[in-house]
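Biologist: Before I rely on labels such as buried, stacked or cavity, I would like to hear the reasoning behind each of them. Could we go through them one at a time?

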Amino acid sequence: MSKHVTPWLSAYHDGELHGVGLRRVEQHLAECPQCRAELEELRMLSVLLRQTPPAVNFLRPERFVARLVLQLPRRTSLVVEFGWWLVPFGTLAVWLFAQVTSWLRAVFLLGLDAGLLTNLLEFPSTSLQMNWFTALTSLLGNHLNPFVQAGLSILNNLHVLVVRWQSNLLFEAILIVVYLAWLMVCMARCSSRLRTA
Amino acid sequence: MTFTHAECEELLIAQAQRGDRQAYGELVQRYFPGVVRVAYRLCGDADLAQDAAQEAFLKAWLNLHSFRAGTSLRNWLYRIVVNTILDTLRRNTKTVETALEDLPLSDPLPLPEEHLFEHERAQIVQRALLSLPSASRSVLVLREYGELSYQEIAEALGIPLGTVMSRLHAARAQLKRLLELHLTDLEMKYV
């Protein structure tokens, strides 16, 4: 006789054995009265558990439903849900847009002032001038050769860029705060959902 | 045009997902007996079980939009109620212990002899269930009272299939020993 199949009897009883495992247990049961008796006990145990009613009475389903429906909170609508997900993507989109336009503008102005785009575009230089650059060009404007003038113009534009970055810092800080706040609320919501799931 | 049970349920779920409370009420009415039965078998206290069922249905209502169409609502509800009741038991160990100790062996009200016998047997069964470790008890209750397959139990509890098998085997072996002892004391048999 093969080895007893006690550990597999539960699964066999529940119809959860398949293939080789199922055949092995069936073959063993055919020749082992001890395992057959154990299987019968498992069957009786299931019958006992399922047929023994609870020792208490519960609310009738209709009464439970009537009570529950009164307590159902309002659910957030799809519009609110869409708005909720718009926050991170909107924040990211605004940040990316600001970054890209800022860099493009800087590159465009640098190119324009260096004279690289003059053949392609008819735009006059519209870049802002820092005080030091204005003073220097008004004092030495006629004595500076074009290469030095272009170099000074590039330095001026870099300075303008730095100043703009500083002024953009507040804007970016606001975006970060909005995103972090959304992230925290999101984590709280997720942990609440995980508990339900 | 007539709908099958599954189609009718899908319709009710879709309506409930759109915020229809009446449709959700019908679903609750359909699943309340099973959910409260599982909750009761896990905690052994009718009030606690009903509170857990209520909490589970409220959670399900709030998260109904995340319920995937085509999956079993019953299994999803069982999963929520098992987590809810186990959380409650963890938070409220003292209450549950008291409830266990207070569970009387005989009813204070006079009952006809055959009812008394049934009542005593019911209490012995419930006591035996409660004496199992909560991990094994959850598996056994979902199998015997929730009638979930091993795969569904594994998904509901987030444990491997092999663990479901071993826990169920251990739970039944322990329960069998306990019931043999107590039912023999009272000259009762399994069935």
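**From values to labels**

Biologist: Why is A:Ala11 called buried?

Modeller: The relative accessibility of A:Ala11 is 4%, and since buried means under 20%, A:Ala11 counts as buried. Please keep in mind throughout that this is a predicted model.

Biologist: Where does A:Ala11 lie, and which residues does A:Ala11 touch?

Modeller: A:Ala11 belongs to helix 1 of chain A, which covers residues 6-13. Not counting residues up to four places away in sequence, A:Ala11 touches A:Glu16 and A:Leu17, and also B:Tyr150 and B:Met165 of chain B. A:Leu22 stands 11 residues from A:Ala11 along the chain, with 9.3 Å between the two C-alpha atoms.

Biologist: Why is A:Ser46 buried?

Modeller: The same cut-off of under 20% relative accessible area applies, and A:Ser46, with a value of 7%, is therefore buried. A:Ser46 is placed in helix 3 of chain A, residues 33-51, and, leaving out residues up to four places away in sequence, touches A:His13, B:Glu144 and B:Arg172.

Biologist: What makes A:Phe64 and B:Phe32 an aromatic pair, and one that is stacked?

Modeller: Two such rings pair if their centres lie within 6.5 Å, and planes under 30 degrees apart count as stacked. By this rule there are nine aromatic pairs over all chains. A:Phe64 and B:Phe32 form one of them, with 4.0 Å from centre to centre and 20 degrees between the planes, so both conditions are met and the pair is stacked.

Biologist: How do you know that this pair joins two chains?

Modeller: A:Phe64 lies in helix 4 of chain A, residues 61-71, while B:Phe32 lies in helix 2 of chain B, residues 21-43, so the pair joins the two chains. A:Phe64 is buried, at a relative accessible area of 1%, and B:Phe32 is buried with a value of 1% as well.

Biologist: Why is the pair of A:Trp84 and A:Trp182 called tilted?

Modeller: The centres of A:Trp84 and A:Trp182 are 5.5 Å apart, within the 6.5 Å limit, and the 35 degrees between their planes are neither under 30 nor over 60, so the pair is tilted. This pair links distant parts of the chain, as A:Trp84 is in helix 5 of chain A (residues 78-113) and A:Trp182 in helix 7 of chain A (residues 146-196), 98 residues apart. With buried meaning under 20%, A:Trp84 counts as buried at 17%, and A:Trp182 counts as buried at 8%. A:Trp84 and A:Trp182 are also members of one aromatic cluster, together with A:Trp85 and A:Tyr179.

Biologist: How do you know that there is a cavity, and which residues line the largest cavity?

Modeller: A cavity is a set of points where a 1.4 Å probe fits but cannot get out, and one such cavity of 30 Å³ or more is found in the structure. The largest cavity has a volume of about 40 Å³. Its lining consists of B:Tyr24, B:Leu27, B:Ala60, B:Leu64, B:Leu73, B:Trp76 and B:Leu77, and helix 4 of chain B supplies three residues, the largest share.

Biologist: How do the residues of that lining divide into nonpolar, polar and charged?

Modeller: Tyr, Leu, Ala and Trp are among the residue types that count as nonpolar, so the lining comes to seven nonpolar residues, no polar and no charged.

Biologist: Which residues touch the most other members of the largest nonpolar core?

Modeller: The largest nonpolar core holds 78 residues, of which B:Tyr24, B:Val38, B:Phe57, B:Leu175 and B:Leu179 touch the most other members. Helix 2 of chain B gives the largest share of this core, 13 residues. B:Tyr24, leaving aside its neighbours within four places in sequence, is in contact with A:Leu68 and A:Leu72 of chain A, and with B:Ala16, B:Phe57, B:Ala60, B:Trp61 and B:Leu64.

Biologist: How many helices and strands has each chain, and what part of each counts as buried?

Modeller: Chain A has seven helices and zero strands, and chain B has nine helices and zero strands. Applying the cut-off of under 20% relative accessible area, 25% of the 197 residues of chain A count as buried, and 48% of the 191 residues of chain B do.

Note on methods:
Residues numbered from 1 in each chain as written. Chains lettered and ligands numbered in written order. Predicted model: local features only at pLDDT ≥ 70, side-chain atom pairs only at ≥ 80, totals over all residues. Heavy atoms only, no water. Phe/Tyr/Trp six-rings, centres within 6.5 Å; stacked < 30°, edge-to-face > 60°. Helix = DSSP H or I, 4+ residues; strand = E, 2+ residues; numbered from the N terminus. Buried < 20%, exposed > 50% of the residue type's maximum accessible area, 1.4 Å probe, protein only. 1 Å grid on protein atoms, 1.4 Å probe; cavity = no way out; pocket = protein on both sides within 12 Å on 5 of 7 lines; lining within 4 Å. Points joined across faces, edges and corners; volume = space filled by probe spheres on them. Contact = heavy atoms within 4.5 Å. Core = buried A, V, L, I, M, F, W, Y, C linked by side-chain atoms within 4.5 Å.
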